[in-house]
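Biologist: Thanks for sitting down with me over this one. Shall we go through it together, one question at a time?

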Amino acid sequence: MIYHKKDITRQNTRICNKYLFRDTETPVKNNGGNSALNYFNLITRYYSSLHNTDSTFSIPVNECFALQLAEVITEKITTERIIINRDKSFSTTFYNQLSESLKSTSQINDVELLVIYLKQMVNIMRSADLISDRNGQAFLKEIFTEKEKLYPVLLRAFWNECDWRIIFPSSPEAAEKIHDNRDAFLEILRTTLTEASVEEIAADFFSVTGICEANDYFMISFVDFYILTWLRHFGIIEYEVRGEHDLVLITVNDYGRKVLKSFL
């Protein structure tokens, strides 16, 4: 199977329309499973979160879409009185206003996608302990004026602290499996020295981890729409559509390699 741009569009549209993206932090119940393995995974995640805890990277931080999302959310909360819902979610108006403002400044003009990314970023910022609430009103517990400080906080919160079952809701089980094997995914990216298709990267990951069959179409779309998309938001990878068949290729750019080296 060749992974084409039209395949991504079709699968991503299906995922977007079928599942509701929320910004609350309601835990997903984990049924069954090996308790010893779960305990080991908890320990692994804890020590992983302690890795590279410096507030700044040793490399200059590039502008990226993840920073842009965080900045518009920060500006909105710090300049306006934002009332949150009882379940601690933000209103539809909040997201619609932000998505409309982003349309004119980002390369993404799909309002539905922008709302999804904004909700995911709110969860990331909450996981980083940046967003909280007081008497029903949202506020920021810490504001970073330098991107060199904000970027690693967001990146590490996304990779180590955020519950992927919540921000990637089309399959909580798949999200958890991929999160548990996320270091193997980064290692594959680090060793990918040339451009590779989405399918090739996903197949290598599935083969190494055994979480599914190499040609699992849904899981390939899942990896692309969620994991690779967010690594792209953080400026670590680049997408290129090539040829008359719109083959989608992934490249880890030089900046991304520096980030991965600092991050792992």
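Modeller: Happy to, and let me start with a residue I like: threonine 229 has 10% relative accessibility, so it counts as buried. Please keep in mind that this is a predicted model.

Biologist: Good start. In which helix is the place of threonine 229, and which backbone oxygen does its side chain reach?

Modeller: Threonine 229 sits in helix α11. Beyond residues up to four places away in sequence, threonine 229 touches Tyr117, Asp224 and Tyr239. Its side chain also reaches a backbone oxygen at 3.0 Å, and that oxygen belongs to phenylalanine 225.

Biologist: How many of the 17 residues of α11 are buried?

Modeller: The helix covers residues 217-233. It is largely enclosed by the rest of the structure, because the number of its buried residues is 14 of 17.

Biologist: How far apart are the end C-alpha atoms of α11, and on which residue is its kink centred?

Modeller: At 1.5 Å a residue, α11 should span 24 Å, and the distance between its end C-alpha atoms agrees, at 23 Å. There is nevertheless a kink of about 30° in α11, and its centre is aspartate 224.

Biologist: Which residue caps the N-terminal end of α11?

Modeller: Look for a side-chain oxygen 3.2 Å from the backbone nitrogen of phenylalanine 218. At the other side, just after α11, glycine 235 has a positive phi of about 75°. The N-terminal cap itself is aspartate 216.

Biologist: Is asparagine 253 buried or exposed?

Modeller: Asparagine 253 belongs to the loop between β5 (247-252) and α12 (254-263). The cut-off for buried is under 20% relative accessible area. Asparagine 253 has 14% relative accessibility, so it counts as buried.

Biologist: With which side chain does the side chain of asparagine 253 make a polar contact?

Modeller: Setting aside neighbours within four places in sequence, asparagine 253 is in contact with Gly235, Ile236, Ile237 and Glu238. A polar atom of the asparagine 253 side chain lies 3.2 Å from the backbone oxygen of glycine 235. The side-chain partner, at 3.3 Å, is glutamate 238.

Biologist: What is the strand order in the open sheet of three strands?

Modeller: The pairing in this sheet is antiparallel and the order is β3-β5-β4. β3 (196-197) and β4 (237-242) each have a single partner strand, so one side of each is left without a neighbour in the sheet. β3 and β5 pair over two bridges. Reading the strands across, the order is β3-β5-β4.

Biologist: Which residue in β5 does serine 197 stand opposite?

Modeller: β3 and β5 run in the antiparallel sense where they pair. In that pairing, the residue opposite serine 197 is leucine 249.

Biologist: How many residues lie between β1 and β2 in their hairpin?

Modeller: Strand β1 (residues 131-134) is joined to β2 by four bridges, and the two run antiparallel. Arginine 134 stands opposite glutamine 137 in β2. In the turn, asparagine 135 has a positive phi of about 55°, and the number of residues between the strands is two.

Biologist: Which residues form the covered face of β2?

Modeller: The strand runs over residues 137-140 and has two faces. Gln137 and Phe139 lie on the uncovered face, while the covered face holds Ala138 and Leu140.

Biologist: How many residues of helix α3 are buried, and what covers them?

Modeller: Helix α3 (residues 65-79) reaches 21 Å from its first C-alpha to its last, close to the 21 Å expected. It is mostly covered, with eleven of its 15 residues buried; among them are Phe65, Leu69, Val72 and Ile77. What covers these buried residues includes α4 (92-103), α5 (111-127), β1, β2, α6 (147-161) and α11.

Biologist: How many disulfides does the structure hold?

Modeller: Cysteine 162 has a relative accessible area of 3%, so it is buried. Cysteine 212 is buried as well, because its relative accessible area is 19%. As for disulfides, the structure holds zero.

Biologist: Last one: what percentage of the residues in the chain is buried?

Modeller: The chain has twelve helices and five strands. Of contacts between residues at least 6 apart in sequence, 70% join residues at least 24 apart. Among the 264 residues, the buried share is 48%.

Technical notes:
Residues numbered from 1 in each chain as written. Predicted model: local features only at pLDDT ≥ 70, side-chain atom pairs only at ≥ 80, totals over all residues. Heavy atoms only, no water. Buried < 20%, exposed > 50% of the residue type's maximum accessible area, 1.4 Å probe, protein only. Pairing = 2+ DSSP bridges. Polar contact = N/O pair within 3.5 Å; in protein donor to acceptor, adjacent residues only side chain to side chain. Contact = heavy atoms within 4.5 Å. Disulfide = S-S within 2.5 Å. Expected span 1.5 Å × (residues − 1). Bend = angle between axes of the 7 residues up to and from the residue.
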